[in-house]
2 protein chains.
Amino acid sequence: MTQGRTRIQQRNRDTILEAALDVFSQHGFRGATLDQIAEVAGLSKPNLLYYFASKEAIHVALLSQLLVTWLDPLRAMDASGDPVEELLGYVRRKLELSRDYPRESRLFANEILQGAPRIREAIEGDLHALVHEKCGVLRAWMDQGRIAPVHPVHLIFSIWAMTQHYADFDVQVRAVLGPDEADPFPEAARFLETLFRRLLAPVG
Amino acid sequence: MTQGRTRIQQRNRDTILEAALDVFSQHGFRGATLDQIAEVAGLSKPNLLYYFASKEAIHVALLSQLLVTWLDPLRAMDASGDPVEELLGYVRRKLELSRDYPRESRLFANEILQGAPRIREAIEGDLHALVHEKCGVLRAWMDQGRIAPVHPVHLIFSIWAMTQHYADFDVQVRAVLGPDEADPFPEAARFLETLFRRLLAPVG
DNA sequence: TGACGGTTTGACCGGACGGTCAGATCGGGG
DNA sequence: CCCCGATCTGACCGTCCGGTCAAACCGTCA
């Protein structure tokens, strides 16, 4: 990642990225405007363009910085650990990401929805490779009879889908649950643990 | 739904909505332009605005027409049928919607991601009511020991999340699976059937 | 104090966008 | 054939948006 020299450069770049995350995640790439980002950041529009070459450059900086942290939980899944606990740990960490970083999740969802024009190669490269590496681990566990056999890639899809759902569709989740249940995450964690324990329990 | 009198009105409204679905689902509301929609529809921009009062009117017409068909599969879940088969039928129909109407799914996802500014009341009204009605059915099945006890609302969330994932994140799904596996849906159907059978099987 | 690189901004540009309007075109009934 | 309402369009408007630029500002070091 290209990081500026001086303190003030680092500070302003961070301020801009923070504001841009707010605006991009809420309105999508085309829906966001530089004036809006500038106002949230408390900087003038030309000043934004002093630190980033273009609107797209800000977006790309956000996305590439995001992909790293986004895949960390999957990387952390350890082949030498207990299979069910490793997978449940992954689910739990992914759900925590949805709870603590919903803007990042929505930014990513927006990008994929539009056909991933700006991170397609990263998805077809790094992401594809990492998933297939971890699928090797999953298949080994299944062959050893330590978790029930299911299609490993679709298993990972199901984890992504259900955890990100609570960030991306937050409005719908809260509207359906009603105003009584303020925080959906504790119950979601319980539900997902039950679901994956039952799915993965090795058939005696 | 307001439907015009003449044949030509019905035809052109349909043409416009079809084109708008294409463009809105691909670029989101703000990312879509009237010129683009007009070109896809094969009509002039002023002609679009002869049939719809504004860009937003087109979007609202699409969304309200969508919500009806989108909830039909859930409505079709029958309290007097076999519980597991009814739920699996719902999952199957929802997955078929993702396969056959991905544009509609992405349009809806876009709207929810942006905070559902245009269909919030429909979600808090009709959707909320329907979900809670069906949760009553689910709870009854659980009380009778015919399916395993889980949180009914989160069960429905999990169905939505996993089925819509294959439409909304289609690019990612195909990139991760690789070019060999052209159509992800048959395997997805098998995986989801396994998952929900194991989740819902009553504990002996 | 003055000079200088790094930083900030007001004013502006060209293009795109949503929407309007006066008038042209069409098509069927008298 | 003409008329009349429905349908369609070229030209246009005001605004917004991404981006540029010359000039101003600021802290620091000589």
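**View 1. α10(A) passes α8(B) in a right-handed crossing.** This close-up, like the others, comes from a predicted model. On the chain A side, the contact is made by A:Glu187, A:Ala188, A:Phe191 and A:Leu195, while chain B brings in B:His154, B:Leu155 and B:Ser158. Sorted by class, that gives four nonpolar, two polar and one charged residues. As for the geometry, α10(A) covers residues 185-200 and α8(B) covers residues 152-168, and the two pack at an angle of about 70° with their axes 10 Å apart. Angles of 65 to 115 degrees count as roughly perpendicular, so that is how α10(A) and α8(B) sit to each other.

**View 2. Helix α9 of chain B is largely enclosed by the rest of the structure.** Why say enclosed? Because seven of the eight residues in this helix (residues 170-177) are buried. The buried set is B:Asp170, B:Val171, B:Gln172, B:Val173, B:Ala175, B:Val176 and B:Leu177. Both chains help with the cover: it includes α6 (102-113), α7 (120-143) and α8 (152-168) from chain A, plus α6 (102-113) and α8 from chain B. Right after α9(B) comes B:Gly178, with a positive phi near 90°.

**View 3. The two copies are related as by a two-fold rotation axis.** Turn chain B by 180°, with 0.0 Å of shift along the axis, and it superposes on chain A with an RMSD of 0.1 Å. Which residue of chain B comes closest to the rotation axis? That's B:Ala161, whose C-alpha is 2.7 Å from it. Both copies use the same surface, too: 100% of the contact residues of chain B recur in chain A.

Definitions and conventions. Residues numbered from 1 in each chain as written. Chains lettered and ligands numbered in written order. Predicted model: local features only at pLDDT ≥ 70, side-chain atom pairs only at ≥ 80, totals over all residues. Heavy atoms only, no water. Axes fitted to C-alpha atoms, helices over the stretch in contact; angles between N-to-C directions. Helix = DSSP H or I, 4+ residues; strand = E, 2+ residues; numbered from the N terminus. Parallel < 35°, antiparallel > 145°, perpendicular 65-115°, else oblique. Left-handed = near helix turned anticlockwise from the far one by under 90°. Contact = heavy atoms within 4.5 Å. Nonpolar A, V, L, I, M, F, W, Y, C, P; charged D, E, K, R; others polar. Buried < 20%, exposed > 50% of the residue type's maximum accessible area, 1.4 Å probe, protein only. Least-squares fit on C-alpha atoms with pLDDT ≥ 70 in both.
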